[in-house]
Amino acid sequence: MADKRVDSGSESDSTEEPVVGNVNKFAVVPPNYSGKPKKGHLIFDACFESGNLGRVDYITEIEYDLFIRPDTCNPRFRVWFNFTVENVKSDQRVIFNIVNFSKTKSLYRDGMTPMIKSTSRPKWVRIPAKYVYYYRCPDHRKNYVMSFAFVFDREDEVYQFSYCYPYSYTRLQNYLDNLEKRNYDFLHRELLCLTVQQRRLDLLTIASPDLQASANEKLKTVLITARVHPGETPSSFVCQGVIDFLVSNHPIAKILREHLVFKIVPMLNPDGVYLGNYRCSLMGFDLNRHWQEPSPWAHPTLYATKNLLMELDRNQKHDMDFYIDLHAHSTLMNGFMYGNIYDDAERYERQSVFPKLLCGNAEDFSLSNTNFNRDAVKAGTGRRLHTTKLSSEPTKEQHVNLHHSSVLRRFSELTGEQHVNLHHSSIPRRFSTAHIRVLIRCLNAARKFA
């Protein structure tokens, strides 16, 4: 049922106990201990929306090995984690080792660090880089491990750790519900379809009600999609920022609404997002490889979105002028785009305009990382499909990195989310777990994370 291809990252040894399902209020106690957990016996939980933690091994009273649960129906992908820890003691020091990443390359090698918040401090912040190490570990067959040291500073708190800033399906639904309540005459929300698990695939249409097609000119239409990969949460922040701008009173937003029709699908993979997957849908499919022939029962969100595109392309009133699919990248810095190669020189030149405009206006956009290709491996992606199926419009994937971006920093001013811009630090790449333990001596018992 799921996609089957060789993983490009390191694989866990087949002799290990498989990681299936999330931990559920799992108390980790020392070996041979019996009885109820005491204060300081950590309780881990990932049985909540977008949660992911499959297993916890007790190593010492201060050290724990954590195992990411693979995507549902697809053991290849183990990157996203999101879990809580409770039953802590004040000033309790720990080292968490996340030991089964499926990818070797990561922005954790370039200064990115995990996110942390707690009950009384609900804003996400990053763990300081000097307490986070990403390295080949001899204790785990030289697989890459991310270890970080932490002090639980308040006894009655529930602490939550995450791969990067979460953006859940429920958060999107609440946001769209609030948008609808504003009763904008230029905004229309509709249901494209329901997912396998009966979640909404929403479509927003943003355009002035006075905008009409004429006999000589069609309605120029822009399609924006996001979050086909659940673990790429920055794409949802960027998409929400785009929507917030388009519905705002900004003079440019008004001009855009008066001249263009915007069709926006903010979350292409609601089930995968809800389940805490990194890349796949409920049934284990990487949806961004199935645009060519989507199944109405296995890939209903792609099937509905593709039908929408085909209808717009055939519609005599609409000119499909531009398509952009928002992603986030786990290994490259800055924002950049992936586009297509066309035999038609004019079409090829047209699609290069937008990246150049972004490069001139966005400080974190990288033209050098922007790439145009027609690789056979990418044949099932959204941008490649629309090259072959639609008549004329440029199609692109916009990527922002998972570490930091000016887009996220500007968006944080609108949402109140704290997006911390870390300075890159020199981090050792190779050392043993024993070296990690030295970190404990460096931690200040009174240190607070916020």
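Two strands pair if DSSP finds at least two bridges between them, and in this predicted model strand β14 (residues 219-226) and strand β16 pair in the parallel sense over eight bridges. The protein has ten helices and 19 strands, and of its 450 residues, 58% count as buried. Among the contacts in the protein with a separation of 6 or more, 75% come from residues that are 24 or more positions apart.

**Strands β14 and β16**

- Within the pairing of β14 with β16, which is parallel and has eight bridges, threonine 225 stands opposite aspartate 325 in β16.
- Strand β16, which spans residues 318-329, is mostly covered, since eleven of its twelve residues are buried.

**A five-stranded sheet**

- An open sheet of five strands, with mixed pairing, follows the order β3-β4-β6-β10-β9.
- The strands at its edges are β3 (55-58) and β9 (132-137), and each of these has a single partner strand, so one side of each is left without a neighbour in the sheet.
- On average, and with direction ignored, neighbouring strands of this sheet are turned by 25 degrees against each other.
- The edge strand β3 is joined by four bridges to strand β4 (residues 63-67), and these two strands run antiparallel.
- For valine 56, the bridge partner in β4 is leucine 66.

**Aromatic pairs**

- A search of the whole structure finds 31 aromatic pairs, and one of them is formed by phenylalanine 148 and phenylalanine 161.
- A pair of aromatic rings is described by the distance of the centres and the angle of the planes.
- For phenylalanine 148 and phenylalanine 161, the distance is 5.6 Å centre to centre and the angle between the planes is 40 degrees, and the pair is tilted.
- Phenylalanine 148 belongs to strand β10 (residues 143-152) and phenylalanine 161 to strand β11 (residues 159-162), so this pair ties together parts that are 13 residues apart in sequence.
- Phenylalanine 148 counts as buried because its relative accessibility is 0%, and phenylalanine 161 counts as buried because its relative accessibility is 0%, where the cut-off for buried is under 20%.

**Helices α1 and α2**

- Helix α1 (residues 169-181) and helix α2 (residues 234-246) have axes that come within 12 Å and cross at roughly 5 degrees.
- This crossing makes α1 roughly parallel to α2, because angles under 35 degrees count as roughly parallel.
- On the α1 side of the contact are Arg171, Tyr175 and Leu179, and these meet Phe237, Gln240, Ile243 and Asp244 in α2.
- Sorted by character, the residues of the contact of α1 with α2 divide into four nonpolar, one polar and two charged.

**The loop around proline 37**

- Proline 37 is found in the loop between strand β1 (26-27) and strand β2 (43-45).
- With a relative accessible area of 40%, proline 37 is partly exposed, because that class lies between the limits of 20% for buried and 50% for exposed.
- If its neighbours within four places in sequence are left aside, proline 37 is in contact with Ala27, Val29 and Asn87.
- Proline 37 and asparagine 87 are 50 residues apart in sequence, while in space they are 8.7 Å apart from C-alpha to C-alpha.

Key. Residues numbered from 1 in each chain as written. Predicted model: local features only at pLDDT ≥ 70, side-chain atom pairs only at ≥ 80, totals over all residues. Heavy atoms only, no water. Axes fitted to C-alpha atoms, helices over the stretch in contact; angles between N-to-C directions. Parallel < 35°, antiparallel > 145°, perpendicular 65-115°, else oblique. Contact = heavy atoms within 4.5 Å. Nonpolar A, V, L, I, M, F, W, Y, C, P; charged D, E, K, R; others polar. Phe/Tyr/Trp six-rings, centres within 6.5 Å; stacked < 30°, edge-to-face > 60°. Buried < 20%, exposed > 50% of the residue type's maximum accessible area, 1.4 Å probe, protein only.
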